Amino acid sequence: MSYRIRFTEEARADLQRLYGFLIEQAQGDPDTAERALAGISHAIALLGATPVSCRKADPRHPFLRERVIGFGATGYVALFEIENDRTVTILAVRHQREDDYH
């Protein structure tokens, strides 16, 4: 089964914010930002095939899950919801050291 992946506006804004932060930290060199975005995109694309394999974000909500995305010494976390047997919605994307997406 293949799931369609969609993003909330908030999740799209998260990706833009993360990219901008990495560009700023690299003083305008987009290489690290491009690699991070590619890694996030690849991990999210895999949700199209196996969203149920990711850990539950909240035991009370079995379809609210998170995908850990390794990058360098830390990485990112994508919060998503399995809406039905065809759709996965990305709700938020954060750096692992952030804790405010729940």
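Reader: Is the crossing where H1 passes H2 left-handed or right-handed?

Author: This is a predicted model. In it, H1 is the helix of residues 9-25 and H2 the helix of residues 31-46. H1 passes H2 in a crossing that is right-handed.

Reader: Are H1 and H2 roughly parallel or roughly antiparallel to each other?

Author: Their axes come within 8 Å and cross at roughly 150°. Angles over 145 degrees count as roughly antiparallel. H1 and H2 are therefore roughly antiparallel.

Reader: Which residues of H1 and H2 make the contact?

Author: Both helices contribute. H2 brings Thr-32, Ala-33, Glu-34, Ala-36, Leu-37 and Ile-40. By class, the contact has eight nonpolar, one polar and one charged residues. From H1 come Leu-15, Tyr-19, Leu-22 and Ile-23.

Reader: Which strands are the edge strands of the sheet?

Author: Five strands form an open sheet with mixed pairing. Their order is S1-S5-S4-S3-S2. An edge strand pairs on one side only, and that fits S1 (4-7) and S2 (55-56).

Reader: What is the bridge partner of Leu-79 in S5?

Author: S4 covers residues 74-82 and S5 covers residues 87-95. The two run antiparallel, joined by seven bridges. In S5, the partner of Leu-79 is Ala-92.

Reader: Which strands does H1 touch, and which does H2 touch?

Author: Both helices pack on the sheet. The direction of H1 makes about 30° with that of S5, while the direction of H2 makes about 140° with that of S3 (64-71). H1 touches S1, S4 and S5. H2 touches S1, S3, S4 and S5.

Key:
Residues are numbered from 1 along each chain as its sequence is written. This is a predicted model: local features need pLDDT of at least 70, side-chain atom pairs count only at pLDDT 80 or more; totals for chains, interfaces and linings use all residues. Side-chain values use heavy atoms; hydrogens and water are left out. Axes are lines fitted to C-alpha atoms, for helices over the stretch in contact, and angles run from 0 to 180 degrees between N-to-C directions. Helices (H or I, at least four residues) and strands (E, at least two) are DSSP runs, numbered from the N terminus. Angles under 35 degrees count as roughly parallel, over 145 as roughly antiparallel, 65 to 115 as roughly perpendicular and the rest as oblique. A crossing is left-handed if the near helix is turned anticlockwise from the far one by less than a right angle, and right-handed if clockwise. Contact means heavy atoms within 4.5 Å. Ala, Val, Leu, Ile, Met, Phe, Trp, Tyr, Cys and Pro count as nonpolar, Asp, Glu, Lys and Arg as charged, and the others, Gly among them, as polar. Two strands pair if DSSP finds at least two bridges between them.
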